[in-house]
Amino acid sequence: MCGIFAYLNYHVPKTRREILEILIKGLQRLEYRGYDSAGVGVDGGNNKNWENNAQHIKLIKQRGKVKALDEEIHKNQDLDMDIEFDVHFGVAHTRWATHGEPNPVNCHPHRSDKNNEFVVIHNGIITNYSEMRKFLESKGYEFESETDTESIAKLIKYMYDNRESDDICFATLVERVTQQLEGAFALVFKSIHYPGQAVCTRRGGPVLIGVRSEHKLSTDHIPVLYRTAKDKKGSCTTLARVDSTTCLFPVEEKSVEYYFASDASAVIEHTNQVIFLEDDDVAAVANGRLSIHRIKRTAGDHPVRAIQTLQMELQQIMKGNFSSFMQKEIFEQTESVKNTMRGRVNFDDFSVTLGGLKDHIKEINRCRRLILIACGTSYHAGLATRQVLEELTELPVMIELASDFLDRNTPVFRDDVCFFISQSGETADTLMALRYCKERGALTVGITNTVGSSISRETDCGVHINAGPEIGVASTKAYTSQFVALIMFALMMCNDRISMQERRRQIIQGLKTLPDLIKEVLTLDDEIQSLATELYQQKSILIMGRGYHYATCLEGALKIKEITYMHSEGILAGELKHGPLALVDHIMPVIMIIMRDPTYTKCQNALQQVIARQGRPVVICDKEDYETIKNTKRTIKVPRTVDCLQGILSVIPLQLLSFHLAVLRGYDVDCPRNLAKSVTVE
């Protein structure tokens with residue numbers, strides 16, 4: 001969804017040009033999240049004294065891509081780009097429209113008034129904004145946009161105008177604002193009244209703070225400070241003591257830089273030292289010192305926020321020799337599935353160890369059922385592995401779409417184990433479902449690709465899929481890594497069951513050869529590109545399969561919808577006669593997945609029904625299935641593996657097909673319209 005990036009330099013001299021370049025580069029790293037407009041806020045004066053410049057905030061906002069914003073900045077004649085700032089705080093934002101159309105007025109940063117006394121950038125949705133807006137309008141505050149965010153900017157101005165003392169802290173104002181907000185948010189504030197200061201907070205929306213200094217820092221564990229009765233007025237003097245027990249700062253008060261971002265990809269080129277904020281944390285930087293505040297102390301609160309080291313590298317979020325991130329990520333699957341298995345599957349003694357689950361495996365073994373909860377592609381990963389999970393665990397397995405799971409108030413019990421599958425670990429519906437299940441006493445397990453994400457922190461245990469950063473909005477390598485992670489869980493669950501040993505060995509042997517087989521499937525790229533040239537002008541595509549491959553059909557259809565904007569539908573072949581067969585004729589493109597597994601004969605029957613209605617199906621089949629190859633005009637031949645892993649090999653041709661269709665139709669593969677990579681609102 002929306003992307004937040006902000007940069008504070010303290011005693012690190014930077015020209016305005018350098019500051020704007022850092023802000024624009026940060027936004028470019030967040031472009032993959034999906035957006036329709038962008039904006040920046042920087043100190044606006046052209047004085048040689050940075051404090052004088054900080055008395056004015058200049059906002060530059062533009063509809064469209066970050067490149068358009070960059071061009072707008074360079075057209076601006078009011079700003080001296082060579083002015084140097086010893087201390088400066090700048091904010092930047094990419095907006096994904098929820099309230100109001102994409103235009104410069106609705107774009108962030110939003111301002112409190114025409115003097116830009118306070119500005120704010122926001123990721124999320126405020127559900128009570130209309131009530132706040134009515135209240136503030138009754139107090140004489142004028143609104144200029146249709147957004148929910150503007151009410152936050154006006155509310156902090158109202159709090160400041162009605163302050164009880166002149167030395168009230170910036171952090172205290174923000175705390176008071178957040179107490180009035182309902183919904184999900186990550187917020188960063190800047191103000192002319194607090195030059196060189198920054199405040200950010202979150203509830204439901206992701207935000208992290210990167211720290212960079214050439215000097216030793218006072219601590220690597222920042223204590224959380226709570227407001228006491230004595231400091232409820234929020235006076236700045238309440239934090240007069242400055243040492244490692246109250247805040248983070250460079251020893252001897254030397255230079256330091258802070259980066260605020262929705263996503264690690266925006267800060268990794270600057271620093272790998274980051275702090276992940278928890279819900280309701282308020283982080284404030286004043287005089288180069290970072291402190292973290294909370295209003296209320298609750299049971300289970302961590303007393304500190306640790307500085308963590310990101311393992312990500314810059315080259316992982318660069319395209320390299322590929323035309324798009326999606327193409328790169330499809331071709332990375334040989335390595336990404338290997339990384340998911342690395343250190344977890346021992347191919348010599350056929351053992352599987354998932355370190356994140358080992359302390360809870362006895363409890364999981366005692367459970368009555370497994371519930372897999374996810375959205376979109378992650379839901380399909382759960383669906384793809386349900387059959388093998390049921391087989392190896394001998395437990396009932398429910399697969400739930402998170403939004404529907406919540407809408408139904410689904411009964412959950414203490415002896416359930418609930419899995420929450422999410423690439424980003426921030427998916428709003430999945431996160432809400434996690435909290436719903438925790439309240440009911442179920443054991444919660446996270447399967448995510450993002451260290452430090454909300455789901456990975458809030459679950460009781462979990463598995464990190466280690467697929468590496470995924471930038472393309474349409475998920476590819478995360479799907480196959482989630483698939484493998486769930487297979488590994490099933491194998492670990494039946495580790496000591498004698499009756500399952502032969503089946504376990506067969507699957508583990510299949511995992512061993514899987515990376516090489518993926519590499520073989522990727523050699524079909526030219527053949528699939530040729531197929532795409534025949535299909536790209538069509539309006540609709542049907543994808544049919546059953547058994548292990550029903551999820552593959554749904555996932556392939558979703559990829560085509562997401563990035564080509566063609567209608568596509570994944571159909572369970574067993575349901576063909578119950579309606580979908582009416583769509584089949586000599587024009588409708590049909591793709592069928594037929595593999596030599598227990599559903600082979602039934603799929604052959606479906607194939608004949610399609611052909612009998614003058615359908616011209618393209619069949620994805622096993623390269624040694626000579627009968628299907630002989631009886632079908634067009635086939636895509638993939639190598640054979642164990643039945644429960646075949647879905648990984650059959651989905652890759654559909655990923656490639658969707659990519660080539662989108663390119664031929666002239667669309668942006670990495671940033672499809674109306675979609676965001678990380679869906680952080682319900």
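# Notebook: sheets, helices and one asparagine

I began with helix 14 (residues 477-493), and I found it lying across strand 19, strand 21, strand 22 (443-448) and strand 23, at about 160° to strand 21. A reminder to myself: this is a predicted model.

**The parallel sheet**

Next I looked up the sheet under that helix. The sheet is open, has 5 strands in the order 20-19-21-22-23, and its pairing is parallel. Which strands stand at its edges? I noted strand 20 (397-401) and strand 23 (461-464). Each has a single partner strand, so one side of each is left without a neighbour in the sheet. I also checked the twist: on average, neighbouring strands here are turned by 20° against each other, direction ignored.

I wanted one pair in detail, so to speak, and picked two strands from the middle of my list. Strand 19 (residues 369-374) and strand 21 (residues 416-422) run parallel and are joined by 6 bridges. Within that pair, L370 stands opposite V417 in strand 21.

A second helix turned up on this sheet. Helix 10 (residues 376-393) lies across strand 19, strand 20 and strand 21. Its angle to strand 20 is about 175°.

A line from the textbook to keep beside this: strands of a sheet pair through backbone hydrogen bonds, either parallel or antiparallel.

**The mixed sheet**

Then I moved to another sheet. This one is open too, with 8 strands in the order 5-6-7-8-13-14-10-15 and mixed pairing. Its edge strands are strand 5 and strand 15 (304-306), and each of them pairs on one side only.

For a parallel pair I took strand 10 (residues 221-226) and strand 14 (residues 289-294), which are joined by 3 bridges. The bridge partner of Y226 in strand 14 is R294.

Which strands does helix 5 touch? Helix 5 (residues 150-161) packs on the sheet and touches strand 5, strand 6 and strand 7. Its direction makes about 130° with that of strand 6. Helix 6 (residues 170-178) also packs on the sheet, touching strand 6, strand 7, strand 8 (198-203), strand 13 (282-286) and strand 14. The direction of helix 6 makes about 25° with that of strand 8.

**Strand 6 and its partners**

Strand 6 kept coming up, and I gave it an entry. Of the 9 residues of strand 6 (residues 118-126), 8 are buried, so the strand is largely enclosed by the rest of the structure. "Buried" here means under 20% relative accessible area.

Strand 5 (residues 110-111) pairs with strand 6 in the antiparallel sense over 2 bridges. H110 stands opposite V120 in strand 6. The two strands form a hairpin with 6 residues between them, and in the turn I found N116 with a positive phi of about 55°.

Strand 7 (residues 183-191) is also antiparallel to strand 6, and 9 bridges join them. There I located H122, which stands opposite L187 in strand 7.

**Strand 4 and its partners**

How many residues of strand 4 are buried? I got 10 of the 12 in strand 4 (residues 84-95), so this strand is largely enclosed by the rest of the structure.

Strand 1 (residues 3-15) runs antiparallel to strand 4, with 10 bridges joining them. K14 has F85 as its bridge partner in strand 4. Strand 2 (residues 37-43) pairs with strand 4 in the antiparallel sense as well, over 5 bridges. Here V40 has A92 as its bridge partner.

**Two helices side by side**

Back to helices. The axes of helix 15 (residues 501-522) and helix 20 (residues 646-664) come within 10 Å and cross at roughly 30°. Angles under 35 degrees count as roughly parallel, and helix 15 and helix 20 are therefore roughly parallel to each other. The crossing is right-handed.

I listed who makes the contact: L514, L517, I518, V521 and L522 from helix 15, and I648, L649, I652, P653 and L656 from helix 20. What kinds of residue are these, nonpolar, polar or charged? The contact divides into 10 nonpolar, no polar and no charged.

**Last stop: N605**

I finished on a single residue. N605 lies in helix 18 (residues 600-612). With a relative accessible area of 45%, N605 is partly exposed. I also checked N605 against G574: they are 31 residues apart along the chain, and their C-alpha atoms are separated by 9.7 Å.

Definitions and conventions: Residues are numbered from 1 along each chain as its sequence is written. This is a predicted model: local features need pLDDT of at least 70, side-chain atom pairs count only at pLDDT 80 or more; totals for chains, interfaces and linings use all residues. Side-chain values use heavy atoms; hydrogens and water are left out. Two strands pair if DSSP finds at least two bridges between them. Helices (H or I, at least four residues) and strands (E, at least two) are DSSP runs, numbered from the N terminus. Axes are lines fitted to C-alpha atoms, for helices over the stretch in contact, and angles run from 0 to 180 degrees between N-to-C directions. Contact means heavy atoms within 4.5 Å. Angles under 35 degrees count as roughly parallel, over 145 as roughly antiparallel, 65 to 115 as roughly perpendicular and the rest as oblique. A crossing is left-handed if the near helix is turned anticlockwise from the far one by less than a right angle, and right-handed if clockwise. Ala, Val, Leu, Ile, Met, Phe, Trp, Tyr, Cys and Pro count as nonpolar, Asp, Glu, Lys and Arg as charged, and the others, Gly among them, as polar. Buried means under 20% relative accessible area, exposed over 50%, partly exposed in between (1.4 Å probe, protein chains only).
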